[in-house]
Amino acid sequence: MKPPIISFVGRSNTGKTTILVQLIQELARRGYRTGIAKHTHHGFDLDRPGKDSWRFSQAGASMVLLSAPQGVALLESVEPEWELERLVALAGDRVDLMLAEGFRGSEVAKVEVYRAGVSEGLLTPPELLLALVTDTPLDAPVCQFEPQEVAALADLLVTKLRLAPRGTPAATRTGLPVGLAGFEPAVDQPVPDRTARFLSAAAALHGHLCAGQVLGVRMALRGCQELEITPPDREKRLLVFVEIDRCATDAISVVTGCKLGARTLKFLDYGKLAATFLDLRTGRAVRVAAREDAREHALSYEPEETDPLQAQLQAYQVMPDEELFAVQPVRVQLPEQDLPGRPRARVRCQECQEGINDGREVVRGERVLCRSCASGVTYYSPVHLVF
Ligand SMILES: [Zn+2]
Ligand SMILES: [Zn+2]
């Protein structure tokens, strides 16, 4: 069995190590056995030149096991460096939870340590971010703790990881709790699965959990699955066309990482709950549309539920994709001037003098005009205030 893992990330000098030390003390005081995995770019101290263990390694031993009355150490040559999950598997069931420092790129749940003046923006994608430890309140939809609130942070970890309650705090020897007779192992799947994590990140951004968030998360996951892209897309491969500006659109943005302001999310005002996912690298695209009969179907999944919206919220989480969506491979022609990246061109409207990016101008004979000046109609009309 593998213990649950929480990795603490943050730039250097944010105070990660101090917080981890205090957290380990707090968890030990409560009787939990905590392991810690630390990432280091340099070698480690055990491997000092001249020591016997170093000489054995140098001679070509691929594993050196050191034993002393107080403990054991294992030195193994690996290539490439192990991923965090593999490292943590070494712990087996000998710890209740594993903390880690670093391993920013790992797919495990994270606590990010933020310090004003040192940190710049958050490093962790929202669906992996469990909590923040920060000396300044941040605009992020997760639990936030001040650096001295280590006990509250420990409470959160114990709850989220569903760590079995401990009885008497264990006596300690060399800092490690011993004699945990009668302890129950932590639940096997303590951290919610990917869908659930995306759903809570989407609900936090959107402001509430609703049936639209469930559909949006599932549509986006299905689209990414069809294109074999791991969400959220960090390789700038994905572009999404959404056909409605309602709840699901926020969720699609959270899952895919595609944003209107990055030109990777295109809004088409069709009033339809559908989205097309385009892989910019391969040109493959798939359109995922909500089935019209899914709403009624949902009610049959939750016959006890009298509120249809609640029934949909519940049912959409368990209904198979086939009952929710129609999935259709499609082709999308995307003009160069609609692609993400820097603006391709910029001209000035000869009527209103405002700048126009990316070829949105209209040429009328000799004149270059913006769309509103060219058509003479626009969504606003000037108001002349008289004081
Ligand atoms: Zn909503
Ligand atoms: Zn104009």
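## Exercises on a predicted model

Phe8 stands opposite Glu101 in β5, and this pairing, like everything below, is read from a predicted model.

**Exercise 1.** Work out which strands run beside β1, and where Phe8 sits between them.

*Solution.* Begin with β5, which is joined to β1 by four bridges, the two strands running parallel. Next take strand β6 (residues 110–114), which is joined to β1 by three bridges and also runs parallel to it. Phe8 then has a partner in each of these strands, for it stands opposite Glu101 in β5 and opposite Val111 in β6.

**Exercise 2.** Decide whether β1 is enclosed or open to the outside, and which way its residues point.

*Solution.* In a regular strand the side chains alternate between the two faces of the sheet. In β1, Ile5, Ser7 and Val9 point one way, while Ile6 and Phe8 point the other way. A residue counts as buried when 20 or more other C-beta atoms lie within 10 Å of its own. Five of the five residues of β1 are buried, and the strand is therefore largely enclosed by the rest of the structure.

**Exercise 3.** Place β1 in its sheet, and find the edge strands and the helix that packs on this sheet.

*Solution.* The sheet is open and has six strands, which follow one another in the order β2-β5-β1-β6-β7-β8 with parallel pairing. Its edges are β2 (34–38) and β8 (143–145), each of which pairs on one side only. On average, neighbouring strands of the sheet are turned by 25° against each other, direction ignored. At the β8 edge, three bridges join that strand to β7 (residues 129–134), and the two run parallel; here Ala131 stands opposite Cys143 in β8. The helix that packs on the sheet is α4 (residues 150–160), which touches β1 (5–9), β5 (97–101), β7 and β8, and whose direction makes about 175° with that of β7.

**Exercise 4.** Follow β14 through its pairings with β13 and β15.

*Solution.* First consider β13, which pairs with β14 in the antiparallel sense over five bridges; in this pairing the partner of Leu278 is Ala285 in β14. The hairpin of β13 and β14 has five residues between the strands, and in it Gly283 takes a positive phi near 80°. Then consider β15 (residues 325–330), which pairs with β14 in the antiparallel sense over six bridges, with Ala326 in β15 as the bridge partner of Ala289. As for its surroundings, β14 is mostly covered, since five of its six residues are buried.

**Exercise 5.** Identify the elements that build the largest nonpolar core, and say which of them gives the most.

*Solution.* In soluble globular proteins, nonpolar side chains tend to be buried together. The largest nonpolar core in this model has 47 residues, and among those with the most contacts inside it are Leu215, Val240, Phe277 and Tyr316. The elements that each supply at least two residues of this core are α5 (194–206), α6 (211–227), β11 (238–242), α7 (247–256), β13 (274–279), β14 (285–290) and α9 (308–318). Of the contributors, α6 gives the most, with nine residues. A closer look at Phe277 shows contacts with Gly223, Cys224, Glu226, Leu227, Leu238, Val240, Ala285 and Val286, leaving aside its neighbours within four places in sequence. A second, separate core has 33 residues, including Leu20, Leu84, Ala131 and Leu153.

**Exercise 6.** Find out whether Ala298 is buried or exposed, and what surrounds it.

*Solution.* Ala298 belongs to helix α8 (residues 294–301). Because 24 C-beta neighbours lie inside 10 Å of it, Ala298 counts as buried. Not counting residues up to four places away in sequence, Ala298 touches Ala311, Gln312, Ala315, Tyr316 and Met319. Leu278, by contrast, is 20 residues from Ala298 in sequence and 29 Å from it in space, C-alpha to C-alpha.

**Exercise 7.** Judge how spread out the whole chain is.

*Solution.* The protein chain has 11 helices and 19 strands. Its radius of gyration is 27 Å, well over the 21 Å that the globule rule gives for 387 residues, so the chain is more spread out than a compact globule. Along its principal axes the C-alpha trace spans about 90 × 60 × 55 Å. The domain assignment gives domain 1 (5–177), domain 2 (194–338) and domain 3 (342–387), and the centres of domain 2 and domain 3 are separated by 34 Å, taken over C-alpha atoms.

Notes:
Residues numbered from 1 in each chain as written. Chains lettered and ligands numbered in written order. Predicted model: local features only at pLDDT ≥ 70, side-chain atom pairs only at ≥ 80, totals over all residues. Buried ≥ 20, exposed ≤ 12 C-beta atoms within 10 Å, placed from the backbone. Contact = placed C-beta atoms within 7 Å. Domains from an automatic or database assignment. Core = buried A, V, L, I, M, F, W, Y, C linked by C-beta atoms within 7 Å. Rg over C-alpha atoms; globule rule 2.2 N^0.38 Å. Pairing = 2+ DSSP bridges. Axes fitted to C-alpha atoms, helices over the stretch in contact; angles between N-to-C directions.
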